[in-house]
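This briefing concerns nonpolar packing and aromatic contacts in a single structure. Please keep the sequence and the model in view while reading.

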Amino acid sequence: MSFHSASSARGAAASTWRCVQCTQVFGVEQEAGAVGGMEDSAMLEESWLDVSASTIGAGSPVKGTPCSGAHAQLDQRRKIRELASELIAPTHPLCEGCTEKLMAELKAARDQAEKERRIYTAELDRLNKELGDKAGGIGGGGGEVARRAEADDAEEEALVATLAALEGEKGGLRRKMGELELRAGALDEERDRYWREYNDLQIRLRASDRESLRRKIEATALQLEALNTTNVLNDAFHISHTDVFGTINGFRLGSVTSQPVEWDEINAAWGQTALLLQTLASNSDFTFPTYRVVPLGSFSRIIRRDDDRQVMDLFCQSDIGISRLFGYGSFDKGMAAFIDCVRALQDHVRSQDPSFSPPYRIADHKIEELSVKLQFNTYDKWTKALKYMLTNIKWLVASSLSR
């Protein structure tokens, strides 16, 4: 706010002024006499305050720095004067109302400063008291502090001793680690040597295994060759001859006057021969066109295919009686049918293998002009015919091996 100069009409009895705050014109009376007027004027001049209208504000407290003693009071008064100098212009008067207002503001600022001073003083006393208590505590607890210091020193010494022990243990562990590393190196070398020896042994074993395997292969090949050249039928039905008899599995097929053979043995030989012939036909997938061979051991038979009622025997009970005179009936028919089956199988094999040529020729019920029947025949010729028949059957067995 700008200041305005007061206009004055100075007379003998009174002077007029304009308030710089509210611009109100007011008068000031003076007593007669120059001396008195000069004194009043001087008093008025002394009563003027520096006012800065821009800084006047109602209820604006002035805050100061907390102090104590005379210095604090002098500092407070100085700050009040500075505030008054800031608020009041040095050459411009105030009216009575503005003066009262200013005095009220100054009083409020003073009260606020006094209140703050009391607060700061109490706080300062409290702090001084706390500092005094702490100082007294430090002085009174010196023994405990000393004890704590001694305990700390002892703990420090113990920790130093522990550290030294740990350092010694660390050194021992390092030495032990070095020993273990040396041992580990030795173990590594031993392990490498072991694996080298193991590998050498495996190589030798494999070489030995290869040699052993080679020998086993050779032996197996020989065995296989032997098996390939082995005819199971030769082992199962061994055909041979003993003197004038043809035999199969040790049974003599036939009988002569000088060496009579029991019919049980002859019947067993016929049973073996019937089974062999039927096995050869089955292996060749051949079916006899006229007859069906029924191997039944010592009681084997032959049946016509076109008439199952025509059953012929391949066994005989006895040669005593009327059968010797008038023929053996079913037995002779059975033997004739059997030789016909042998001939049929020979023809079948020859059709598959033209080189097949059995040694004895079969025609009707005769083989090399020798009849296989007993009627009007001698035992010697009958036995010889059966021997020829077994020989041809043996050729059939050999031929089955080549096929």
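Which residues does M389 touch, not counting residues up to four places away in sequence? In this predicted model, M389 is in contact with L253, W270, T273, F338, I339, V342 and I367. The points below place M389 in its core and then turn to the aromatic pairs.

**Nonpolar cores**

- The largest nonpolar core has 51 residues, and M389 is one of the members that touch the most other members, together with W270, L276, F338 and W382.
- At least two residues of this core come from each of β4 (245-248), α6 (263-283), β6 (291-294), α8 (330-352) and α9 (379-402).
- Separate from it is a second core of 9 residues, among them V20, F26, L94 and C98.

**Aromatic pairs**

- The model contains 11 aromatic pairs.
- One of these is formed by W263 and W382, whose ring centres are 6.0 Å apart; the planes meet at 45°, so the pair is tilted.
- Because W263 belongs to helix α6 and W382 to helix α9, this pair ties together parts that are 119 residues apart in sequence.
- Both W263 and W382 are buried.
- Y360 and Y388 make a stacked pair, with 4.1 Å from centre to centre and 15° between the planes.
- This stacked pair also links distant parts of the chain: Y360 is in the loop between α8 and β9 (362-363), Y388 is in helix α9, and the two are 28 residues apart.
- With a relative accessible area of 23%, Y360 is partly exposed, whereas Y388, at 16%, is buried; the cut-off for buried is under 20%.
- Ring pairs also join W263, F331, Y379 and W382 into a cluster. W382 thus appears both in this cluster and among the residues with the most contacts to other members of the largest core.

**Charge over a ring**

- R252 places its charged end over the ring of F245, at 5.3 Å from the ring centre.

**A buried histidine**

- H348 is a residue of helix α8.
- H348 counts as buried because its relative accessibility is 17%, and buried means under 20%.
- Not counting residues up to four places away in sequence, H348 touches S284 and F286.

Notes:
Residues are numbered from 1 along each chain as its sequence is written. This is a predicted model: local features need pLDDT of at least 70, side-chain atom pairs count only at pLDDT 80 or more; totals for chains, interfaces and linings use all residues. Side-chain values use heavy atoms; hydrogens and water are left out. A nonpolar core is a set of buried Ala, Val, Leu, Ile, Met, Phe, Trp, Tyr and Cys residues joined through side-chain atoms within 4.5 Å. Buried means under 20% relative accessible area, exposed over 50%, partly exposed in between (1.4 Å probe, protein chains only). Helices (H or I, at least four residues) and strands (E, at least two) are DSSP runs, numbered from the N terminus. Contact means heavy atoms within 4.5 Å. Rings of Phe, Tyr and Trp (its six-membered ring) pair if their centres lie within 6.5 Å; planes under 30 degrees apart count as stacked, over 60 as edge-to-face and the rest as tilted. A charge sits over a ring if NZ of Lys or CZ of Arg is within 6 Å of the ring centre and within 35 degrees of the ring normal.
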